[in-house]
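Work through the exercises below with the model on screen. Try each task before reading its solution.

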Amino acid sequence: MSSLYSTPIGLIFVFNLIIGPGSLTLPAVVQETGWLLSGIFIATMAFLSYITFTFVIEAITITNSITQLRKLQMMKSVTRVLKSCKDMMPQVSSVNYDRLSNASTDSYNSDNEAPIFDNPVLPTSSSLLDFPPESVELLSLDNRIEMGEMVAVLLPPFAKVMFFFSISGYLFGDLSIYYKAIGQSLVDFTCDHKSNNNSANKSDLCWENSSYTKHEIYLSYLVLYILIIGPFTFFSAQKTKYLQVLGFFMRIIAIIAMVVLATIRLISPTQKHGYTPASNFMAMPQLIGASIYAFMCHHSIPSVISPIKNKNKILLKVAANFLLVYTLYMCLCMTGVFAFPKVNELYTINFTPSQDTGLFYKLIDSILVLFPVLTISISFPVIAITLRNNIQVMFLPSDAHWIWKRIVIPLFSLITPVLLAAFVARLEVLVSIVAVYAGTGIQYATPALLVMAARAEIPQQVAAIKNDYCSPFKSKYWPLCILIWTVICVIVLTISLISKEFQ
């Protein structure tokens, strides 16, 4: 099928979802938290994120078995009705036999008007009743089941509402940050650099001899971006697989380039170097928030895993993917925190070309400054498609008109975040708060609750069958530990935000 792709392509999707703009905020946080404490803590966060990833995979298979068995039960009910109607036919015929003429009897027995229950083309009632509900295909990842649908099947109604607001807040906020980061990055790259310190002023001119302000150019870039990237929202995630492959190599090349440039600076005796302590527990709240962003991919797991052709040992391959991501993060952070005296909140800004930079390095630095734009553009369609799919599951009935599914909902998912990015003041602060809390719920709380409910509701017909996609963390204490960790994260982040407001 053309809509399916290979396992490496699926792993590239997961890789691109994990390594996004959030990864570029890690070096600055690591410099404040300390190299030893950060290395251990980020490894722990990667491990917890992988655990909840496996929870989502297991919940998908069990939810698929529940929905398929419900359909089979409906088929059996219909079959019983048909069978009872068939059993009544001889009685009806005997009652009305005297009223039928010989001609009508001959007509009834003709080949052209054979009774429908004797038609060999149609399946018999016994074949439907004997359909094996124990089929191993019930525990499958082939049917894409979005997280919103799993919540609707496995959790109480109020959980469905809470999940919708949680994932919508995160996705809307994420897309709004994407829009703002892309527009602002392009403005900073193309406009004059002499007024960088006042880049937040909307009235600043983009170029000295022009009448266009930076805000006008910013809005123009947003419109242009929608026209170029927006159409992908109207298709499925697998339609972007060639774009994902391109994004994968761009990420790898950019990270290697930043590691190499930072290493060159680190070994240069003429450059000022950075310093970071082994540990600084006072900066832990910032590290928690950055790590949540750095390993977020759970909202799009059904969209990227289901189309994979060969899902054999998929959990082991995803584990290798997480290990690769962690290795790249550590190389990026450890070279950056010791190479630069001060690491910017967005790490790529440290590579902004200067006047005395050579032509070759200036070209590389310019590409690295645009790296957030490139990575965001690769992940943007998947995030928008995930938001669109969840809105459809939550609000649209299965028989909704195609205009709602193909036009209205995709446009809503595409345009609403850009309106927030264009006209809401201090959007970064508002969205970051919403995204941190929503991200904690999506990455930790929702997968833990789903797998607990799925294991409790697993049908008896499939309970004894080996689930090839079952999470290796089978103990009931793993989800409980994840939930406890969720509460700890929310409390720590809340205290940190409140203390900053009072300061």
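**Exercises on a predicted model**

Trp478 has a relative accessibility of 30%, so Trp478 counts as partly exposed. The structure is a predicted model.

**Exercise 1.** Classify the ring pair of Phe473 and Trp478.

*Solution.*
Step 1. A pair of aromatic rings is described by the distance of the centres and the angle of the planes.
Step 2. The centres of the Phe473 and Trp478 rings lie 5.1 Å apart, and their planes are at 70°.
Step 3. Planes over 60 degrees apart count as edge-to-face, so Phe473 and Trp478 form an edge-to-face pair.
Step 4. Phe473 counts as buried, at 11% relative accessibility.

**Exercise 2.** Classify the ring pair of Tyr50 and Phe322, then place both residues in the chain.

*Solution.*
Step 1. For Tyr50 and Phe322, the ring centres are 5.8 Å apart and the planes are at 70°, so this pair is edge-to-face.
Step 2. Tyr50 sits in helix 3 (residues 35-95), and Phe322 sits in helix 12 (residues 314-339). They are 272 residues apart, so the pair links distant parts of the chain.
Step 3. Tyr50 is buried at 11% relative accessible area. Phe322 is buried too, at 3%.
Step 4. Ring pairs join a cluster whose members include Tyr50, Phe322, Phe473 and Trp478.

**Exercise 3.** How are helix 6 and helix 14 oriented to each other?

*Solution.*
Step 1. Helix 6 (residues 147-154) and helix 14 (residues 371-395) pack at about 30°, with axes 8 Å apart.
Step 2. Angles under 35 degrees count as roughly parallel, so helix 6 and helix 14 are roughly parallel.
Step 3. Helix 6 makes the contact through Met147, Gly148 and Glu149, and helix 14 through Asn390, Val393 and Met394.
Step 4. By class, this contact has three nonpolar, two polar and one charged residues.

Key:
Residues numbered from 1 in each chain as written. Predicted model: local features only at pLDDT ≥ 70, side-chain atom pairs only at ≥ 80, totals over all residues. Heavy atoms only, no water. Axes fitted to C-alpha atoms, helices over the stretch in contact; angles between N-to-C directions. Helix = DSSP H or I, 4+ residues; strand = E, 2+ residues; numbered from the N terminus. Parallel < 35°, antiparallel > 145°, perpendicular 65-115°, else oblique. Contact = heavy atoms within 4.5 Å. Nonpolar A, V, L, I, M, F, W, Y, C, P; charged D, E, K, R; others polar. Phe/Tyr/Trp six-rings, centres within 6.5 Å; stacked < 30°, edge-to-face > 60°. Buried < 20%, exposed > 50% of the residue type's maximum accessible area, 1.4 Å probe, protein only.
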